[in-house]
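Subject: Structure handover

Hello,

Here is the structure for you to look over. Please open it alongside this email.

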Amino acid sequence: MMGADLVIRNAVGILTGLRGPGERCRGDIRIHDGRIAEIGAVAARPGDHVLDAAGGVVTPGLVSAHHHLFQSMLKAVPAAIDARLETWLRLVPVRYWHRFDEEALRTAAEVGMAELLLSGCTMVNDHHYPFASFSPVGESGYDPAAILFETAERMGIRLCLSRGGTTRDRVYDNDDVVPMPVETLDGMLRHVEGLAARYHDSGPNSMRRVLLAPNTPTWGATPAELKEMAAAARRLGIGLHSHLSETTNYVTFCAETHGCRPVAFAARCGWVGPDVSFAHLVHIDADEIALLAATGTFMVHCPQSNGRLGSGVAPASALERAGGRVAIGVDGAASNEACDMASEMHNAWLIQRAMGGPDAARVEDVLRWSSASGAAMLGFTELGTVAVGQVADLAIHALDAPRHAGLHDPLLAPVICGPSSVRHVLCAGRPVVVDGAIPGLDLPRLMARARAVVARLMSLAG
């Protein structure tokens, strides 16, 4: 296909990820040198490579704006299946983090990325947090960043690595834990600077980016450290990401310790602005919504994980009505066993309307949160929409399952019909999913590897 254009023909229609009159369109799409060159009545040219999207819907490549790839080997842990967040943290990630070896992380990353690609996702922001022990100089002797970026490159998905970590221990619901790794602020910042030098690419078609992402601002660092982190990230030209206000415990702790609510605390520490994003933000009030909106700080809505853990529902629609910015993330597979973007979009659409009424969120809003907004959150201005001149990250969703029969408006299907039915996915015009499969991926072998990893983790955990 070198030198040839790719033309997508015969789609039912296109959800563009744009806001306003251009959020839907019809026609064919010409891709030249990895970018969208034409949309509409696209004339044939000699040498064109045609991708037949008959009966399908085209969307931008989706973006999981908050993820924990290592948790793909920690689904449905029986002891925590009905647990609230704090108990779940102790029984799942805290119980298992130190049992991960290189094979477990590599397998988890491959499983998670495969699940995302097959749901139309072309970019993931992976918040990987057990770095102090998993660093090249740590106990385990392997480099998680290298594994994650190598796996992403092989599978053709864009990876933004939110480098997590903590400088302070956190208290869980009891002390029966192997403590999560704690590191010095200087050590964390040196490692982030090294990762940025090695991997971060700020170009418009970048496949790799790095963010600084302590686990939780409220528990994970002092105010002075948070200010230093913010200054370091801005000096390096990278984003800031973390969890915030997932449960009421965040609000109570912040009020008792800092005399304010979590978003106000974040603002005091320099942690607001268009380069800052927080996963969850379930328990925020009207003043916090106004502050987030005024500063352009992003919410990453994770409806399935928040529902699975009984944490509540983030006021995503209210934030957008206030002029704020909302993205979508599937969170970790350990608290969201259906870790694909189609299920996440479906649940976001339903739960926002259940909480806020029928005008709370339209299908097109949720699609935009899952594409253009996620790309913008991660600093990409030329990704996330289907428009002439944009990078051609695209997904073609098939409408060939019984649940798609009877649709009067088939363009709604990628959001309203639930589980993924993705036929093709392109990343900068390159095919990364073809006819519902990932080229070069031996799926039965990957599934066998995953079973072996889970069996070993279960045996080690007793």
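Below is what turned up, sheets before cores and cysteines.

Please keep in mind that this is a predicted model.

**The nine-stranded sheet**

Start with the open sheet of nine strands. Its order is 15-14-13-12-11-10-9-8-16, and the pairing is parallel. Strand 15 (325-328) and strand 16 (331-332) are the edges, each pairing on one side only.

Two helices are worth viewing against this sheet. Helix 5 packs on it and touches strand 9 (121-128), strand 10 (158-163) and strand 11 (208-212). The direction of helix 5 makes about 165° with that of strand 10. Helix 6 (residues 185-199) lies across strand 10 and strand 11. Helix 6 runs at about 165° to strand 11.

Further along, strand 12 (residues 239-244) pairs with strand 13 in the parallel sense, over five bridges. Leu240 stands opposite Val276 of strand 13 in that region.

Strand 13 covers residues 276-280 and includes His280. Please check the backbone there. His280 is not a glycine, yet its phi is positive, at about 90°. Most residues other than glycine have a negative phi. His280 is also buried, at 0% relative accessibility.

**The four-stranded sheet**

There is also an open sheet of four strands, in the order 5-4-1-6. Here the pairing is mixed. Strand 5 (35-40) and strand 6 (49-52) are the edge strands, with a partner on one side only. On average, neighbouring strands are turned by 20° against each other, direction ignored. Strand 1 (residues 6-9) pairs with strand 6 in the parallel sense over four bridges. Ile8 has Leu51 in strand 6 as its bridge partner.

**The loop before helix 5**

Asp143 sits in the loop between helix 4 (131-134) and helix 5 (144-155). Is Asp143 buried or exposed? Asp143 is buried, with a relative accessible area of 17%; the cut-off for buried is under 20%. A polar atom of the Asp143 side chain lies 3.0 Å from the backbone nitrogen of Ala145.

**The nonpolar cores**

The largest nonpolar core has 114 residues. Trp88, Phe100, Leu212, Met229 and Trp271 have the most contacts inside it. Helix 3 (residues 102-117) gives the largest share of this core, nine residues.

Met229 makes a good landmark for a closer look. Met229 is in helix 8 (residues 223-236). Met229 counts as buried, at 0% relative accessibility. Which residues does Met229 contact, leaving aside its neighbours within four places in sequence? They are Leu185, Met188, Leu189, Leu212, Pro214, Ala221, Leu240 and Trp271. Take Met188 from that list. Met229 and Met188 are 41 residues apart in sequence, but their C-alpha atoms are 9.2 Å apart in space.

Apart from this core lies another, of 17 residues. Among its members are Phe298, Ala327, Met377 and Ala428.

Ala428 deserves a second look for its backbone. Its place is the loop between strand 18 (422-427) and strand 19 (430-433). Phi of Ala428 is near 55°, a positive value in a residue other than glycine. Ala428 counts as buried, at 9% relative accessibility.

**The cysteines**

How many disulfides does the structure hold? It holds zero. Cys260 is in no disulfide, and its nearest cysteine sulfur, that of Cys254, is 4.4 Å away. A disulfide needs the two sulfur atoms within 2.5 Å. Cys260 is buried, with a relative accessible area of 10%.

Why is Cys302 not bonded to Cys339? The closest cysteine sulfur to that of Cys302 is in Cys339, and at 9.7 Å this is too far for a bond. Cys302 is buried as well, with a relative accessible area of 0%.

**Where to look**

For a quick pass, begin with the two positive phi values, at His280 and Ala428. Then go to Met229 and its contacts, including Leu212 and Trp271. Finish with the sulfur of Cys260 and that of Cys254, 4.4 Å away.

Best wishes

How values were computed. Residues numbered from 1 in each chain as written. Predicted model: local features only at pLDDT ≥ 70, side-chain atom pairs only at ≥ 80, totals over all residues. Heavy atoms only, no water. Buried < 20%, exposed > 50% of the residue type's maximum accessible area, 1.4 Å probe, protein only. Polar contact = N/O pair within 3.5 Å; in protein donor to acceptor, adjacent residues only side chain to side chain. Core = buried A, V, L, I, M, F, W, Y, C linked by side-chain atoms within 4.5 Å. Pairing = 2+ DSSP bridges. Axes fitted to C-alpha atoms, helices over the stretch in contact; angles between N-to-C directions. Contact = heavy atoms within 4.5 Å.
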